[in-house]
Amino acid sequence: MASLKDTSDSLAAYLTAGSLLPNSLISADQPTDLPSFIVEPLKQNLRQSLLDWYGQQGRDLPWRQSRDPYRIWISEVMLQQTQVKTVIPYYERWLEQFPAIAPLASARQEQVLKAWEGLGYYARARNLHRAAQIIVEHHHSTFPDTLAIALTLPGIGRTTAGGILSAAFDQPVPILDGNVKRVLARLMALRVPPNRALKTLWALSETILDWQQPRNFNQALMDLGATVCIPKRPTCPVCPWNRYCEAHRLTMQNDLPLSEQRSPLPHKMIGVAVIWHEDGRILIDRRRQEGLLGGLWEFPGGKVEPGETIEACIQREIQEELGIEVEVGDRLITIDHAYSHFRVTLNVHHCRHLGGEPQPLECDEVRWVSLDEIDQFPFPKANTQIIAALRETSYRP
DNA sequence: TACGCGTGGCC
DNA sequence: TGGCCAAGCGT
């Protein structure tokens, strides 16, 4: 365990002394407060060095051209758990399709999900849609400029609200995203995984926030994490904060932040049916709103039970989900796919519809579609591979 | 508080 | 190539 004595000559030690420092790092006999005439100038140096760096090295990103809270909101939500490079093309397309809050609010959910298709975490799109409707109905179609009201909107938590209010309105609201967690965890050489010290990190983010330039400061903090204080092999020599950084001083930058231990992902075998109508159309179903891939369309199927064959699984699942009889035929494709919390193998088979009218017993909707119109429906990534395989096969019932 | 929730990039 | 990680939120 490190003692405060080890860090007594660094700015981070001053900034994190007292209540900001995790209990594990502080000895009971150490001072917990420092006079403001010492701390304030140090914080000013910290802020100014980052703002100077941002002026030179800050990124030029599409959503930074604008102060339209709607555009910034969209970018913040797309960027949740998603890298900038992935987001940019989605962001551009989205704004062409939904240029303002009102058009988004009045769109059909299916159209919204189609625009989101491939980005993942689809609750973000459903919440964006709902929030737009709430803003039209209750906030005069204007994005709220107060933290408390922004936080009431679905899909907007503390970090997203802080990002929007600081970027759009230059309000002094702190943020704590993945970048900031990493930067601050290194700055103070945090000895626990960041998610075990959220109170400390939020307090530190708020303490160092520059109230004269909150917009630039928050953006700078995220840029620092994204381009310099990166997860692996951070480039400390070019970091404006290297002289203040505890991890750097201790040569621990490659070991921090500590990561949470994860359990291995469970694996599921899935039987999937491509059910052909006599007229050449295919049966798809729409998943229920809640839960995994909610609101998206898919090819029906389900989990293979212990001892069950793929064919028997498909026949059983189709009976349970849609109430119809099928004859399971040739294999179309096998797809391995990793979700955030488990892996699947999709065993996709052609099936012949023997009889019965498909009913939405375990889904929201069912529909026969042709290969030409199937592109209009939003599908999860693993299912788009099935569609691609269908386009390449010559199989017909 | 801990877990459910997607996908692509990176090595 | 499999595991890690990315501008988190809702429950």
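1. A word on terms before we start: Ala, Val, Leu, Ile, Met, Phe, Trp, Tyr, Cys and Pro count here as nonpolar, Asp, Glu, Lys and Arg as charged, and the others, Gly among them, as polar. With that in hand, the surface near DNA strand B divides into 8 nonpolar, 9 polar and 3 charged residues. Keep in mind throughout that this is a predicted model.

2. Staying with DNA strand B, there are 20 residues around it, and Y121, Y122, L293, H341 and K381 come nearest. Which part of the strand does the protein meet? Sugar or phosphate accounts for 63% of the strand B atoms within 4 Å of the protein, and bases make up the rest.

3. A few polar approaches to strand B are worth finding on screen. K381 has a polar backbone atom 2.8 Å from a phosphate oxygen of DNA strand B. G118 also uses a polar backbone atom, this one 3.3 Å from a sugar or linking oxygen of the strand. For a base, go to L119: a backbone N or O atom there lies 3.2 Å from a base nitrogen of DNA strand B.

4. Now for DNA strand C. The residues around this strand number 27, with L79, Q81, G155, N179 and R182 coming nearest. Of the strand C atoms within 4 Å of the protein, 62% belong to sugar or phosphate, and the rest are base atoms. The surface near DNA strand C has 10 nonpolar, 9 polar and 8 charged residues.

5. Where do the phosphates of strand C meet polar atoms of the protein? Q81 is one place, with a polar backbone atom 2.5 Å from a phosphate oxygen of DNA strand C. G157 is another, where a backbone N or O atom lies 3.0 Å from a phosphate oxygen of that strand. R343 brings in a side chain, with an N or O atom 3.1 Å from a phosphate oxygen of DNA strand C.

6. Which helices contribute to the surface near DNA strand C? At least two residues each come from α9, α10 (178–187) and α12. Helix α9 deserves a closer look. It covers residues 158–169, 12 residues in total, and reaches 16 Å from its first C-alpha to its last, close to the 16 Å expected at 1.5 Å a residue.

7. Is α9 mostly enclosed or open? In α9, 9 of the 12 residues are buried, so the helix is largely enclosed by the rest of the structure. The buried ones are T160, A161, G162, G163, I164, L165, S166, A167 and A168. They pack against α3 (69–78), α8 (147–150) and α12 (214–227). After the helix comes D170, which has a positive phi, near 55°.

8. On to charge pairing. Side chains of opposite charge can pair when their charged atoms come close. Across the whole structure there are 16 salt bridges. One of them joins E117 and K114, with the closest N and O atoms 2.9 Å apart. Their side chains also share a polar contact of 2.9 Å. K114 is partly exposed, at a relative accessible area of 27%.

9. While you are at E117, check its surroundings. This residue sits in the loop between α6 (109–116) and α7 (123–138). Leaving out residues up to four places away in sequence, E117 touches Y90, Y122, F377, P378, F379 and T384. Y122 also appears among the residues that come nearest to DNA strand B. As for R196, 79 residues from E117 in sequence, the two are 33 Å apart in space, C-alpha to C-alpha.

10. A second salt bridge pairs E365 with R286, the closest N and O atoms being 4.0 Å apart. This pair links distant parts of the chain, with E365 in strand β7 (residues 365–369) and R286 in strand β2 (residues 282–286), 79 residues apart. How accessible are the two partners? E365 is partly exposed at 32% relative accessibility, whereas R286 is buried at 10%. Salt bridges with shared partners join R108, E110, R286 and E365 into one network.

11. One last pair: E317 forms a salt bridge with R316, and their closest N and O atoms are 3.2 Å apart. E317 is buried, with a relative accessible area of 9%.

Notes:
Residues are numbered from 1 along each chain as its sequence is written. Chains are lettered from A and ligands numbered from 1 in the order in which they are written. This is a predicted model: local features need pLDDT of at least 70, side-chain atom pairs count only at pLDDT 80 or more; totals for chains, interfaces and linings use all residues. Side-chain values use heavy atoms; hydrogens and water are left out. A residue is near a molecule or strand if one of its heavy atoms lies within 4 Å of it. A polar contact is a pair of N or O atoms within 3.5 Å; within protein, one must be able to donate a hydrogen and the other to accept it, and residues adjacent in sequence count only if both atoms are side-chain atoms. A salt bridge is a side-chain nitrogen of Lys or Arg within 4 Å of a carboxyl oxygen of Asp or Glu. Buried means under 20% relative accessible area, exposed over 50%, partly exposed in between (1.4 Å probe, protein chains only). Helices (H or I, at least four residues) and strands (E, at least two) are DSSP runs, numbered from the N terminus. The expected span of a helix is 1.5 Å times one less than its number of residues. Contact means heavy atoms within 4.5 Å.
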